[in-house]
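Here are a few short exercises to work through with the model open beside you. Try each task yourself before reading its solution.

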Amino acid sequence: MPADAAVGRWQTENRHGVVEIARCGSSICGTLLSSDGLRANPQLRDEKNKDAQLRSRPLKDLRILQGFQWKSGSWSSGTIYNAEDGGTYGATVTVIDSDHLRLKGCIVWPLCKTQTWIRLR
C-alpha cells in the first residue's frame, strides 16, 4: 500500500469515534472529529489529561495521532493520545486494504493494544 493510503476518515473500534487522517508534511496526523461522547456533549473537554493545564481543551478536532515516519510499508514511530485515560502511547499505523487499517498503540513493548479501523466513505 502507498503511504497516502492511510489518508481519509476512519471509524474507530470504540465509542463510534471518527478520526480524520491527513498528511502533515512528510508525516501523517489524525484529528478526532466525532465520538459517542462528542455527540452527547459537543463541548466535551480533555478532563483526564495528565497535564492539568490541558484539561480544559476541547476534544472535538483534537490531534490524537502525530509524529509518524513512513518505513517498510507502514507509519511507525508516532504517537496516539487516548482521551479516555489521558495517556500518550507509541503507535504504528498499517493499512491492511483500502477500507481497513490497523492501529497499534504501546505503553512499552510488548504492552500493546491493536485496533482495526474502518474507512468511512
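The exercises below deal with strand pairing, backbone angles and one loop residue.

Before you start, note that this is a predicted model: local features need pLDDT of at least 70, side-chain atom pairs count only at pLDDT 80 or more, and totals for chains, interfaces and linings use all residues. Residues are numbered from 1 along each chain as its sequence is written, and side-chain values use heavy atoms, with hydrogens and water left out.

**Exercise 1. Strand E3 and its partners**

Task: Work out how strand E3 pairs with E2 and with E4, and how many of its residues are buried.

Solution:
- Start with the terms: helices (H or I, at least four residues) and strands (E, at least two) are DSSP runs, numbered from the N terminus. Two strands pair if DSSP finds at least two bridges between them.
- On one side of the pairing list, E2 and E3 run antiparallel, joined by seven bridges. Here Arg23 sits opposite Ile28 in E3.
- Next, look at the hairpin of E2 and E3: two residues lie between the strands, and Gly25 has a positive phi near 65 degrees.
- E3 also pairs with E4, again in the antiparallel sense, over three bridges. Thr31 has Arg63 in E4 as its bridge partner.
- Finally, check the cover. Buried means under 20% relative accessible area, exposed over 50%, and partly exposed in between (1.4 Å probe, protein chains only). In E3 (residues 27-34), eight of eight residues are buried.

**Exercise 2. Positive phi outside glycine**

Task: Find where His16 lies and where Ser77 lies, then classify each as buried or exposed, or in between.

Solution:
- Begin with the background: most residues other than glycine have a negative phi.
- His16 has a positive phi, near 50 degrees. His16 belongs to the loop between strand E1 (8-11) and strand E2 (18-24). His16 is partly exposed because its relative accessibility is 45%.
- Ser77 also has a positive phi, about 65 degrees. This serine is part of strand E6 (residues 74-82). With a relative accessible area of 55%, Ser77 is therefore exposed.

**Exercise 3. The surroundings of Leu44**

Task: Which residues are in contact with Leu44, leaving aside its neighbours within four places in sequence?

Solution:
- Locate Leu44 in the loop between helix H1 (36-40) and strand E4 (62-66).
- Its relative accessibility is 24%, so Leu44 counts as partly exposed.
- Apply the contact cut-off (heavy atoms within 4.5 Å). The partners are Gly37, Leu38, Arg57, Pro58 and Leu59.
- As a last step, take the C-alpha atoms of Leu44 and Leu101: 27 Å separates them, with the two residues 57 apart along the chain.
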